[in-house]
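Reader: I am new to this structure, and I would like to know the reasons behind the terms used for it. Could you take me through them?

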Amino acid sequence: MRTSALTLAVMALPIVALAQGKQDFSKVQVKATKVAGQVYVIEDVTPEFSGGNIGVSVGADGIALIDDKFAPLANKIEAALKTISDKPVRFVINTHYHGDHTDGNIVFGQKSTIIAHENTRKRMLAGAGKDQPPAPPAALPVITFEDKLSVHINGEEVRAIHFPSGHTDTDVVIFFTKSNVVHMGDDFFNGIFPFIDVDGGGSVKGLIANLQKLLEQIPADAKIIPGHGAVATAKELRAFLTMLKETSAIVEAGIKAKKTLDQLKKEKVLAKYDAWAKGFFKADDFIELLYKDLKR
Ligand SMILES: [Zn+2]
């Protein structure tokens with residue numbers, strides 16, 4: 001997630017509060033839960049927004065993190081890691097550039113190696129409006145790649161693969177090849193309408209294409225860690241893809257019929273998908289996001 005002009009107007013605003021130095025993380029509690037094989041996830045115990053899901057590889061070689069939430073949560077993340085390993089964090093792979101997945105780099109980058117797609121580094125360096133100021137040098141990835149990169153750790157190949165223009169143009173999906181776990185970053189919001197960062201190079205059509213490719217590659221029995229929401233399987237990922245295909249087709253048909261954004265909202269064209277509105281976006285917000293994306 002990242003707030004933009006659009007989301008500023010419509011979201012519950014935890015990230016905005018953070019950008020203004022007002023986010024209170026004191027109530028947030030997290031814990032480490034086993035997913036499969038060598039892989040854990042840092043889960044929320046409390047309902048407060050804590051950022052994107054962290055994937056964790058644990059074993060004799062040390063710890064590798066996938067994303068690192070917000071910097072003020074670093075101590076709580078370290079405490080959760082202590083419950084499953086006494087080894088140090090050696091690597092962090094960022095799934096994309098948004099602050100709720102990379103803000104902790106400023107802490108973890110002091111003692112581990114930060115890895116990300118080259119566009120993540122570029123966009124962190126440039127900043128993205130007032131919601132995400134340019135990252136300080138100490139928070140930037142030190143190893144970047146274009147298409148794919150593997151970290152060999154804890155008895156398996158942890159493969160990071162870039163997928164173009166989905167949630168952003170910086171997204172990588174992480175395959176824990178032996179543990180049979182996939183961390184999708186924000187190309188997957190489980191059970192909720194997603195944010196698609198058009199200003200950050202994302203698009204709903206690109207996201208749909210990525211998900212179709214991914215569903216061909218992900219084993220049916222794999223565990224999938226989404227960027228936001230509960231740990232899932234290919235079944236929930238398929239439901240997310242179906243929702244995106246159907247909702248974007250509805251909004252696109254409205255645009256072709258020369259309907260305005262207000263008309264589509266008044267007609268409640270996404271009423272059928274109300275179950276997906278329990279996260280960051282209500283149906284009207286998601287109509288607006290799709291409309292602006294598809295009208296370009
Ligand atoms: Zn995001």
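Author: Gladly. Please keep in mind that this is a predicted model. Let us start with two of the helices.

Reader: Why is α7 called roughly antiparallel to α8?

Author: The axes of α7 (residues 204-217) and α8 (residues 234-256) cross at roughly 150 degrees and come within 10 Å. Angles over 145 degrees count as roughly antiparallel, so that word fits α7 and α8. Their crossing is left-handed.

Reader: Which residues of α7 and α8 meet?

Author: From α7 come Val204, Lys205, Leu207, Ile208, Leu211, Gln212 and Leu215. On the side of α8, the residues include Ala234, Leu237, Phe240 and Leu241, along with Arg238 and Glu252. By class, the residues of this contact are ten nonpolar, two polar and four charged.

Reader: What makes α8 and α10 roughly perpendicular?

Author: Here the angle is about 65 degrees, and the axes of α8 and α10 (residues 283-294) are 9 Å apart. The range for roughly perpendicular is 65 to 115 degrees, and the pair is therefore given that name. The crossing of α8 and α10 is right-handed. In α10, Phe286, Ile287, Leu290, Tyr291 and Leu294 take part, and they meet residues of α8 including Met243, Val251 and Ile255. This contact has nine nonpolar, two polar and one charged residues.

Reader: Let us turn to the strands. What makes β8 and β12 edge strands?

Author: Five strands form an open sheet, ordered β8-β9-β10-β11-β12, with mixed pairing. β8 (148-153) and β12 (223-225) each have a single partner strand, so one side of each has no neighbour in the sheet. Ignoring direction, neighbouring strands here are turned by 20 degrees against each other on average.

Reader: How do you know that β11 and β12 pair?

Author: Two strands pair if there are at least two bridges between them. β11 (residues 181-183) and β12 run parallel and are joined by three bridges, so they meet that condition. His183 has Ile225 as its bridge partner in β12.

Reader: Which strands stand at the edges of the sheet that runs from β1 to β7?

Author: That open sheet has seven strands, in the order β1-β2-β3-β4-β5-β6-β7, and its pairing is mixed. The edge strands are β1 and β7 (143-145), each pairing on one side only. From one strand to the next, the twist averages 25 degrees.

Reader: How are β1 and β2 joined?

Author: β1 (residues 30-36) and β2 (residues 39-44) are antiparallel and share six bridges. They form a hairpin with two residues between them, and Gly37 in the turn has a positive phi of about 55 degrees. Ala36 has Val39 as its bridge partner in β2. By contrast, β6 and β7 pair in the parallel sense over three bridges, with Ile115 opposite Ile143 in β7.

Reader: Which helix lies across β1, and at what angle does it run?

Author: α3 runs at about 45 degrees to β1, and lies across β2, β3 (54-57), β4 (63-66) and β5 (89-93) as well.

Reader: Why is the pair of Lys111 and Glu78 called a salt bridge?

Author: The closest N and O atoms of Lys111 and Glu78 are 2.8 Å apart. The cut-off is 4 Å, so the pair qualifies. Lys111 is in the loop between α5 (105-108) and β6 (113-117), while Glu78 is in α3 (residues 74-82), so the pair ties together parts 33 residues apart in sequence. The structure holds nine salt bridges.

How values were computed: Residues numbered from 1 in each chain as written. Predicted model: local features only at pLDDT ≥ 70, side-chain atom pairs only at ≥ 80, totals over all residues. Heavy atoms only, no water. Axes fitted to C-alpha atoms, helices over the stretch in contact; angles between N-to-C directions. Helix = DSSP H or I, 4+ residues; strand = E, 2+ residues; numbered from the N terminus. Parallel < 35°, antiparallel > 145°, perpendicular 65-115°, else oblique. Left-handed = near helix turned anticlockwise from the far one by under 90°. Contact = heavy atoms within 4.5 Å. Nonpolar A, V, L, I, M, F, W, Y, C, P; charged D, E, K, R; others polar. Salt bridge = Lys/Arg side-chain N within 4 Å of Asp/Glu carboxyl O.
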